[in-house]
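Visitor: I should like to learn how to read a protein model, feature by feature. May we begin with a single strand and work outwards?

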Amino acid sequence: MCGIMGYVGSKPALPVVLKGLRQLEYRGYDSAGIAIADKDRISVLKCKGKVADLENLVKRENFPGSTALGHTRWATHGEPSTPNAHPHIDCSGKIAIVHNGIIENHAPLRKLLEAEGHTFRSDTDTEVFSHLVEKFYRGDILLAVQEALTLIEGAYAFAVICQDEPDKIVAARRESPLVIGVGNGNEGEYIIASDLVAIVEHTRQAIHLDDGEIGVFQPSGHRIIDKANMKVEKDVESITWSLDKITKGGFPHYMLKEIFEQPETIYDTMRGRILKEKAQIKLGGLEDLIKLPSAEKTTTGLSHLLNSKRIVIIGCGTSWHASLVGEYLFENMLGIPVEVEYASEARYRNFIVDKDTTVIGISQSGETADTLAALREAKRRGAATLGLVNVVGSSIARETHCGVYLHAGPEIGVASTKAFTSQVCLLALMALLIGREKHVITDQRAGTIIQRLLEIPSQVEEILKKSSLIRDMAQRYAGFSNFLYLGRGYNFPIALEGALKLKEISYIHAEGYPAAEMKHGPIALIDENMPVIFIATDTEDQTYQKVISNIEEVKSRHGQVIIIASEGNESIYDVADTVITIPETEYCLTPLLTVIPLQLFAYHMAMLKGYDPDQPRNLAKSVTVE
Ligand code: G6P
């Protein structure tokens with residue numbers, strides 16, 4: 001939600017900031033702006049629309065300044081418009097700020113500032129902050145920001161520049177991501193950004209600001225102060241992934257590239273974690289020591305998991321769907337009680353968890369506000385928390401007791417694809433690990449599942465070869481405006497995920513349901529205008545014949561039937577209008593395959609309708625507000 005970019009150093013700041021904004025555009029794209037500090041003024045240019053519109057605006061001007069801020073917005077308070085775009089300035093125009101998050105007490109603050117004579121130019125919550133900094137400015141921008149922050153309630157990442165101190169950026173964060181790239185060698189430059197993707201091109205060294213920290217960055221060096229107003233020495237961490245991970249690599253869209261990367265990313269999730277000969281799994285992150293306030297002794301994440309009476313898995317969006325697959329995997333394979341919760345619900349109800357519970361938070365970004373808050377609440381209530389995240393060094397990765405990374409590489413397409421398959425793969429590895437430790441999975445069974453897991457990347461590749469077939473299928477169904485997705489067992493979450501993908505990027509109404517629930521409502525909708533996508537892969541499963549009966553029920557009401565089935569199931573062609581097959585695997589691993597055609601179907605549908613799947617309307621990649 002909103003991308004922040006800033007540069008301070010010796011180069012012209014404008015090109016660096018504009019390029020960074022393009023890389024951060026997945027975070028928000030309804031308006032964009034920049035502020036550049038020169039010797040005697042701060043120039044602000046902003047507009048409604050995308051970063052490309054801002055670039056057109058900027059082209060006409062020449063700004064040599066070496067300190068600048070940029071912002072790409074996802075509107076929360078105030079419609080997308082030029083006045084509401086960031087940066088926001090104070091009354092004098094000497095202070096400019098960019099913000100990601102929500103200032104919850106903006107209304108009383110605005111009243112107070114207006115009463116003191118401040119003039120507002122926008123409808124945003126953010127603008128109060130520029131006036132607050134102005135109110136407290138007495139020649140030291142760091143102190144003014146610190147003082148202003150004491151009045152702010154809510155979530156924020158802020159970056160601030162000031163005309164009277166033009167070689168400084170002050171940056172602060174609470175619950176919204178902010179990383180600082182530290183210039184290579186002696187260049188004396190800093191890049192401030194919401195995400196590492198905007199930094200890697202300039203430097204491989206980064207500082208992650210923690211909640212409550214505030215820093216001042218200038219060519220001569222930096223200083224970071226913590227919540228207690230003490231100077232902190234932060235580790236400068238190395239970024240290990242390569243630049244080609246954040247380019248489109250010849251694909252027309254990031255989403256398509258990320259769908260096609262899945263053979264590699266699923267493999268990367270497994271890499272070094274499977275000891276094939278011993279049929280064992282090793283997840284280093286679970287070996288970290290944790291000490292819960294209510295527990296007598298320190299334990300490891302894994303031992304806590306093994307002794308947990310309950311596992312609760314939380315997430316949002318696609319990560320919530322992966323959590324549901326986790327529930328099936330853990331309960332079926334391990335017999336441990338698992339509950340899956342929407343993080344947004346868990347955080348505000350009486351979330352009953354204690355020291356005997358492990359709460360697993362699943363998140364691609366590691367920054368989703370609801371997931372982070374629910375994990376904090378779980379921690380406060382004494383539970384052990386474990387993060388399954390993709391973004392290294394993200395808030396969830398740092399705040400949970402222990403965790404495991406997905407290793408899927410940067411995911412930029414707004415609709416999550418490769419992170420989902422890595423999440424499911426990691427959950428399967430965890431189920432195997434726990435099952436082996438608890439002696440509920442035999443050597444032979446573990447060996448079989450591991451063998452089948454290792455086959456998944458090449459099987460995904462086989463499915464990807466059907467992309468043009470799926471495009472033809474999308475063409476056949478492009479005229480329909482409602483779809484129903486039905487699946488059972490391990491593929492019920494895939495029905496939800498398939499429907500979500502179609503909604504997110506093709507703007508077509510779609511519902512996912514457990515197939516058996518069809519008769520409790522959705523069947524009333526079925527006629528010749530309602531295509532139904534069934535996922536019916538496992539002919540040996542006890543529910544398979546029941547799904548076939550559901551298919552017959554749809555057909556007898558003239559519904560169109562599309563089936564994702566396993567290769568070799570010849571009889572499926574008798575009941576389907578369209579069949580897409582996937583290679584055969586263990587039932588518990590089918591979600592890793594069945595989701596692929598549904599991702600491709602949504603992508604091709606978006607293409608046929610002329611929509612940009614990388615920047616779907618109203619959505620943002622990382623939802624850091626409530
Ligand atoms: C947004 C994205 C989804 C994602 C969800 C959860 O809604 O558009 O693709 O699944 O957030 O994000 P997370 O980073 O926590 O997995």
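Visitor: Is strand S3 largely enclosed or open to the outside, and how many of its residues are buried?

Guide: A residue counts as buried when its relative accessible area is under 20%. This is a predicted model, and in it 5 of the 7 residues of S3 are buried, so the strand is largely enclosed by the rest of the structure.

Visitor: Which strand pairs with S3, and in what sense?

Guide: Strand S2, residues 31–37, pairs with S3 in the antiparallel sense over 7 bridges. The two strands form a hairpin, with 4 residues between them. To follow the register by eye, begin at Ile 36, which stands opposite Ser 43 in S3. As a general guide, the side chains in a regular strand alternate between the two faces of the sheet.

Visitor: What is the strand order of the open sheet that contains this hairpin?

Guide: The order is S3-S2-S4-S1-S10-S9-S11-S15, an open sheet of 8 strands with antiparallel pairing. Its edges are S3 (42–48) and S15 (237–238), each of which pairs on one side only. Within the sheet, S1 (residues 3–8) and S4 (residues 67–73) run antiparallel and are joined by 6 bridges. One point of register there is Gly 6, whose bridge partner in S4 is Leu 69.

Visitor: Where does Trp 241 lie, beyond the edge strand S15?

Guide: Trp 241 is in the loop between S15 and helix H6 (254–260). For such a residue, one asks which parts of the chain come together around it. Leaving aside neighbours within four places in sequence, Trp 241 is in contact with Leu 196, Val 197, Val 200, Arg 204, Ile 246 and Pro 410. Gly 409 is 168 residues away from Trp 241 in sequence, yet their C-alpha atoms are 7.4 Å apart in space.

Visitor: What share of the contacts in the protein chain joins residues at least 24 apart?

Guide: Among contacts between residues at least 6 apart in sequence, the share is 70%.

Visitor: Let us turn to the backbone. Which peptide bond is cis?

Guide: The bond from His 86 to Pro 87 is cis, and its omega is near 0°. Pro 87 is found in the loop between S4 and strand S5 (88–89).

Visitor: Which residues other than glycine have a positive phi?

Guide: Two cases may be set side by side. Ala 279 has a phi of about 50°, and Asn 618 has a phi near 65°. Ala 279 lies in the loop between strand S16 (274–275) and strand S17 (280–281), whereas Asn 618 is in the segment after helix H18 (591–609).

Visitor: Are Ala 279 and Asn 618 buried or exposed?

Guide: Ala 279 counts as buried because its relative accessibility is 7%. Asn 618 has 62% relative accessibility and therefore counts as exposed.

Visitor: How does the radius of gyration of the whole chain agree with that of a compact globule?

Guide: A compact globule of 626 residues would have a radius of gyration near 25 Å; the protein chain has 25 Å, so the two agree. Its C-alpha atoms fill a box of roughly 75 × 60 × 45 Å along the principal axes. The chain holds 18 helices and 29 strands, and 63% of its residues count as buried.

Visitor: What does the protein chain expose, and how are its charges placed?

Guide: The chain exposes about 23400 Å², of which carbon and sulfur atoms supply 49%. Its 65 positive and 81 negative charges have mean positions 2 Å apart.

Definitions and conventions: Residues numbered from 1 in each chain as written. Predicted model: local features only at pLDDT ≥ 70, side-chain atom pairs only at ≥ 80, totals over all residues. Heavy atoms only, no water. Rg over C-alpha atoms; globule rule 2.2 N^0.38 Å. Buried < 20%, exposed > 50% of the residue type's maximum accessible area, 1.4 Å probe, protein only. Contact = heavy atoms within 4.5 Å. Areas by Shrake-Rupley, 256 points an atom, 1.4 Å probe, with all protein chains shown as cover. Lys, Arg positive; Asp, Glu negative; His and termini not counted. Charge placed at Lys NZ, Arg CZ, Asp CG, Glu CD. Pairing = 2+ DSSP bridges.
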